[in-house]
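Colleague: Could you take one helix of this protein and go through it closely, saying which residues are buried and what they pack against? I would also like to see how that part sits within the whole chain.

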Amino acid sequence: MSEERRIRVGAQELAVALDGPAQGEPLLLIMGLGLQLTSWPIELVQQLAAAGFRVIRYDHRDIGLSSSCDHLGRPRLAQAFWRHAFHLPLQPPYTLAELADDAAGLIAALGLEAAQVAGISMGGMVAQHLARRHPQRVRGLNLWMTSPGGRLLPPPRADVLRLLLSRPDRAGYQAYGERFFQAIGSPAYPSDPAELRARVAHNLARSFRPQATARQLIAIAADGDRRPWLRQLQRPVQVLHGLADPLLPIAHGRALAKALPQAQLTEIPGWGHDLPAALHPMLVEAVQRAAA
C-alpha cells in the first residue's frame with residue numbers, strides 16, 4: 001500500500017507517494033510530459049520496492065494533485081511553436097531547471113541526503129538538470145526514452161506530433177488519451193485495450209490540467225541543447241531507449257549516451273515510448289546497475 005502525502009517544497013506543494021522499505025535505497029522516479037505519479041505502473045513500482053528500493057513518486061508542480069500554476073496565465077502554444085520554428089527566444093512560464101530544483105527540494109524535504117534517480121521522457125530531461133544543479137543529491141542516473149535536446153535530432157513521427165499538439169477538452173480526453181498512448185506504444189509489447197482504457201480513466205478522474213501540459217511543452221522547447229554541459233556529469237548513468245520509439249526516435253538516446261562518456265546505453269528492439277509489463281524486470285535491473 002502506497003503512503004501518500006503532500007510536501008511543501010519552496011512555493012510549491014507536491015503530491016508524493018512512497019513505496020518500499022523505509023530504510024531502503026531511495027529512488028526518485030521523475031515522470032514525463034503532462035503525466036501524474038499514477039502513470040508509473042504500480043507493478044513496476046512494486047518490483048522496485050521488492051528489490052529493496054524506497055520508491056518515491058511525485059506530481060510535478062502544475063500536474064496532478066500538486067500546486068497549480070494557472071495563475072501564470074493561459075499558455076500560447078501555437079505562438080511558442082512558431083517562435084521556436086524561427087529560432088526566436090522563448091519565455092516559458094517555468095523551466096525544466098526549476099522542475100529539477102523542485103526534485104532536489106523534495107529529496108531534502110524527505111530528510112534524505114541523496115537518491116538514485118530514474119526519469120523518463122521529459123522526466124529524463126529534468127533529471128539531467130537535477131544532476132547538474134544538485135550533484136550532491138544524485139547517486140546514480142537512469143535516463144529512459146529521453147533526449148539531450150538539440151534542433152538537429154529527429155522530430156516525433158508525424159501522426160504522434162499532431163496528437164501531441166492537439167488539446168482536447170475534458171469530454172474528449174478519454175478517447176484522445178487512448179489514441180495517443182496507442183500511437184506511442186511498443187509494437188512488440190502492445191497494450192491491452194481494456195487496461196489502457198482503465199488507466200486513462202483513472203488518471204482523468206484524478207486530475208485534468210491540459211494547460212499544464214502546454215506549459216511543459218514550452219519549457220521543453222525553450223530548454224535547448226544540453227550536450228555542452230552533459231559531459232560534466234560524473235555519475236553512473238544507464239541510458240535505455242527503444243528502437244521503435246515514435247516520440248523520441250533512437251537517435252535521441254544515442255546522442256544522449258554519446259554526450260555522457262560514463263553512460264551505458266541499452267537499445268531495446270520493439271520498445272516504443274511506454275512502460276510495458278514485459279520490460280519491467282529489465283528496468284529494475286538497470287536501476288540496480290546504476291546503484292551498484
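Modeller: In this predicted model, helix H5 spans residues 158–165, and Val-160, Leu-163 and Leu-164 are its buried residues, where buried stands for under 20% relative accessible area. These three cover an arc of only 100° around the axis, which means that they lie on the same side of H5. The general geometry helps to explain such a pattern, because an α-helix has 3.6 residues a turn and residues three or four places apart therefore point the same way. As for what lies against that side, the buried residues of H5 pack against two other helices, H6 (170–183) and H8 (210–223).

Turning to the setting of this helix, the protein contains 11 helices and 8 strands, and 53% of its 292 residues are buried. Among contacts with a separation of 6 or more, 77% join residues that are 24 or more positions apart. The radius of gyration is 18 Å, which agrees with the value near 19 Å that a compact globule of 292 residues would have, and the C-alpha atoms fill a box of roughly 45 × 45 × 40 Å along the principal axes.

At the surface, the protein exposes about 12600 Å², of which carbon and sulfur atoms supply 55%. Its charged side chains comprise 31 positive and 24 negative ones, and the centres of these two sets lie 6 Å apart.

Definitions and conventions
Residues numbered from 1 in each chain as written. Predicted model: local features only at pLDDT ≥ 70, side-chain atom pairs only at ≥ 80, totals over all residues. Heavy atoms only, no water. Helix = DSSP H or I, 4+ residues; strand = E, 2+ residues; numbered from the N terminus. Rg over C-alpha atoms; globule rule 2.2 N^0.38 Å. Buried < 20%, exposed > 50% of the residue type's maximum accessible area, 1.4 Å probe, protein only. Contact = heavy atoms within 4.5 Å. Areas by Shrake-Rupley, 256 points an atom, 1.4 Å probe, with all protein chains shown as cover. Lys, Arg positive; Asp, Glu negative; His and termini not counted. Charge placed at Lys NZ, Arg CZ, Asp CG, Glu CD. Arc of directions from axis to C-beta.
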